[in-house]
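Open the model in your viewer and keep a selection panel at hand. The stops below go from one part to the next, with a note on what to find at each.

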Amino acid sequence: MVSRLIPFRDDPIQPSEPTPVTITFDGEPLSGVVGQSIAGVIMANERLGFRRTSANDAPRGVFCGIGVCFDCLVVIDGVEDVRACQRRARDGDVVTTQHHTLPEGEGS
Amino acid sequence: MIGSVIIIGAGIVGASCARSLATRGVDVTVIDRSAAVSGTTAGGEGNLLVSDKAPGSELTMALHAAALWPRLSAELANELGTFPDMEYEQKGGLVVATTAAGASPLLSFATAQRDAGVQTEELTIADALRLEPDLNPAITAAVFYPQDSQVQPVIAAEALLASARRHDARVLQNAPITGPVLSADGALVGVTTPTETVRADAVVIAAGPWSGEVARTLGVLLPVFPRRGIVLVTSRMRHRVFHKVYDADYVGAVGSDDAALQTSSVVESTAAGTVLIGSSRQQIGFDASMRTEVMAEIAAKALRLFPFLADHQVMRAYGGFRPFMPDHLPLVGPDHRLPGLWHATGHEGAGIGLAPVTGDLIAAMMVGAEPELDVAPYSPSRASLAPFLTEVA
Amino acid sequence: MNQVLIIGAGPAGLAAAQSARRAGAEVILLDSSDSLGGQYWRHLPESRPARKESALHHGWARFQSLASDLVSDSECEIISSAHVWAIETGERPVVHVVIGESDGQSRKRMSFHPTALVIATGAYDRTLPFPGWDLPGVFTAGAAQALAKGERLAVGHRVVVAGAGPFLLPVTQSLAATGSRVVAVLEANRAVPLMRGWLPKAWQLLPAASKALELAGYALGHIRHRIPYLLGRTVIAAHGTTAVESVTTARLDHNWVPIPGTEKTIAVDTVCVSHSFTPRLELALAVGCQLTPERFVQADRRQETSVPGVFAAGEVTGIGGVDLSLAEGSIAGHYAAGASGTNPSLERKRAVFSGFAARIEAAHGIRRGWPAWLTESTTICRCEEVSYGSLCATSQTTDSSSLRSLKLSTRAGLGICQGRICGRTVEDLLARQTSSGTLTDGSVSDRRPIAVPIRMSELASPPEAHP
């Protein structure tokens, strides 16, 4: 287990019991808690790399966590270019991997 | 006999002149007031077009350019070896009318262009949609121009400069021109910069929209004016726009004398997966501030052509200043008012495409060879320019 | 009544809002997040209340008091989820905003025409590239904090924290408190530069005693958690196939050049790294503000920038921490509201904490030798996947000293983050390739006329003008 959500009962700051939230990521249901970001829900479910780059097909996930690096882009309900770290998860969000290959040149 | 030349301006036109001259054995010094390729060329989209030009001398030049570019691109790639790819692509241009009233003017225009030697294909709406499936099906007419091409303008200019350097051209940067050097009989035989005096048999002004300023420093009036344009850049998306696509009202905007904002939709994708969206024209001097209403108008018009763009993000906007000539023709050739002074400027929005032909014409004229085109229409002494040469600066 | 628009609701913006209100101005406070506090006071959303949330923060009581003051004030309009995407200049600046979730669609466009503007947009981690930094599992130090404080997520299990500066300490404490095992904290600067920065006239720091206590608390926290804090060492490579599995660390000389033979490999799954900070300058540049030689927004003793009526406060004027941000914000708000008179105690506070900031820079700034740890294939521009080798090769074959030309030839900085992560690094590396050592076309990567991406349909709709 790499990244994880601190279980509320173990958390020294004594949070109240959270409300669960479920999204799907590439068709698979992922659980988190209300108030979490999409990135947080994905990471709490042990996925660190959830986007693929265009030129090298390399995995990326959260890098800066505050919305400046744009590495954590996902597609939500068909809308592209959503920073997962800046969007709060809503029950039923359909999230998919964002991956654009580069266009083939007409001459190549 | 011209054995040495100073070229003022290291943008694509200056770079092209430099290469054309240096490869013919002429001693070349290019001088730029800033870093090379930092001006208009760096704000260009990379359009190599015949589609937007009415029959006339500019179109003649553009047709020659269309034939020249693929050879040039291959030559440079061969010569330079490892060098960034200038992404030359003969992707073709699709011009569409978006109003009922716009259909027949487009078709008549295309007919006239065809008679002047341009390859045009009038398409049915269905055929246009086969070429561009995401195009708004409510278009009223469509013409395809297979000769329209694309290049990455900055890399092309850097390649031309690199080639010129290989033929011993010098490129002086961060060196603004401070004044002329005149011979005893009043000919221009050099220029001064803050740190040196450079002498040559001829001086070419290839400074784009700043050519007027440079000319004034050298003692002559040149009616070249800046015409502002901006381009929106979307984030990367899957490939959905396959050619250059324009609204047929583009031609009207280019040829207009109106100083107020003219926008006309131009949309194309890039090798990087982004979509470039233009275009705007405004005569506001050198005001480089970004105006949101210009961006909004460009965006709105592009959505009429490609409704799918609505949900895509604009991540960047950039702008530049085109060199505008009051009689709408590039200025290429010797200045009749000052021996030793030449011009290679005033290409408005066609500078990227017309640069190689311009360089070749300048070189041919200077070495005494037969230019590939009749140069009279581009001459500074042409009749249509005369009224503007006598106005007070 | 003067209308003061404040961009950014972190410590500086909140202090400016309160101060402007006390001086009698109408205030509009914009923030792109859906809650107040900025990065420093990033906290759990209302949907996740916690009894002892204050334990995660410093100055929590101050934050709560500022926030409740402003929220209950009818002359303070707080607009959350407000993304300033452009500012136009003219007789007065016009601030263009889309309101709605980040990267949303069909958000509402608005334009604001305030009497005065306060820019409090803050700063973010500057992380230098190293081989493998683009692997999942490598985060900025700020990401670890944001996820820990904002949603109680521990970014990793076995973590190494590396980089430079005192910010590494609170990050380590946050990580340890989330149950992560921090195997080491690596400060790149050696003992000597740190002492030179901190010791000269140390008595000047006495008024900043609370800051010193804060840092001492971190050090004590370290002892309690038994985390090694090593000087003159850093991560020079991360390794793994789909995510981080280990890192290579090395000792550095005083110029940050790795010393051969000192490499060690540690098995970790997470790297949190921050070498410096980059201020968020695009809005200040859009409105015409001059920058200082250190590339922050220039502000005078009234916190007014070079543009009359435009003020700046907080990390955007210089990295100085929360106390400096609060002092600057209060001063900015006061003068932005059109008030006169001075506040000597506030100005003294500002002076003390400015001194503190200068010490931090002297002790912990980036040293010149760091590119020695790069390899040809190290990714420099993450968005466009441009390698160090490619940057150098293009620079050499074009012989260009134009940042604009080189960006277009390499694609570095042209991706969706628009050079926020790689910009200053690309400028540094390309400048070193030129014969003069500088890029001369005058462009800067901090300039972004479109400050945040906006959907085409949003851009095409006309804005509603705020009264």
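Select chains A and C together: 48 residues of chain C are in contact with 46 residues of chain A. The model is predicted. On the chain C side, colour β8 (123-126), β9 (138-140), α3 (141-151) and β10 (153-154), the elements that each give two or more residues to the side touching chain A. Which of them gives the largest share? It is α3(C), with five residues. Colouring this side by class gives 21 nonpolar, 13 polar and 14 charged residues.

Stay at this interface and show β10(C) with strand β1 (residues 4-5) of chain A. The two strands pair in the antiparallel sense over two bridges. For a landmark, label Arg4(A), which stands opposite Ala154(C) in β10(C).

Now hide chain A and colour chain C by domain. The domain assignment gives domain 1 as 3-123 + 278-341, domain 2 as 128-274 and domain 3 as 370-433. Domain 1 of chain C is thus selected as two segments. Where domains 1 and 2 of chain C meet, eight residues of domain 1 are in contact with six residues of domain 2. The domain 1 side of that contact has two nonpolar, four polar and two charged residues.

Move to chain B and colour it by domain as well. Here the assignment gives domain 1 (4-79 + 152-224 + 327-389) and domain 2 (93-146 + 225-324). The C-alpha centres of these two domains of chain B lie 27 Å apart. Their contact takes 24 residues from domain 1 and 25 residues from domain 2. On the domain 1 side, select α2 (57-80) and α6 (211-218) of chain B, the elements that give two or more residues to the side touching domain 2. By class, the residues on this side of domain 1 of chain B are nine nonpolar, 12 polar and three charged.

The last stop is Leu331(B), in strand β18 (residues 331-334) of chain B. Is Leu331(B) buried or exposed? Leu331(B) counts as buried because 25 C-beta neighbours lie inside 10 Å, and the cut-off for buried is 20 or more. Show its contacts as sticks: leaving out residues up to four places away in sequence, Leu331(B) touches Met325(B), His343(B), Thr345(B), Gly346(B), Tyr378(B) and Pro380(B). Finally, draw a distance from Leu331(B) to Ala302(B), 29 residues apart along the chain; their C-alpha atoms are separated by 32 Å.

Notes. Residues are numbered from 1 along each chain as its sequence is written. Chains are lettered from A and ligands numbered from 1 in the order in which they are written. This is a predicted model: local features need pLDDT of at least 70, side-chain atom pairs count only at pLDDT 80 or more; totals for chains, interfaces and linings use all residues. Domain bounds come from an automatic or database domain assignment. Two residues are in contact if their C-beta atoms, placed from the backbone, lie within 7 Å. Ala, Val, Leu, Ile, Met, Phe, Trp, Tyr, Cys and Pro count as nonpolar, Asp, Glu, Lys and Arg as charged, and the others, Gly among them, as polar. Helices (H or I, at least four residues) and strands (E, at least two) are DSSP runs, numbered from the N terminus. Two strands pair if DSSP finds at least two bridges between them. A residue is buried if 20 or more other C-beta atoms lie within 10 Å of its own, exposed if 12 or fewer, and partly exposed in between; C-beta atoms are placed from the backbone.
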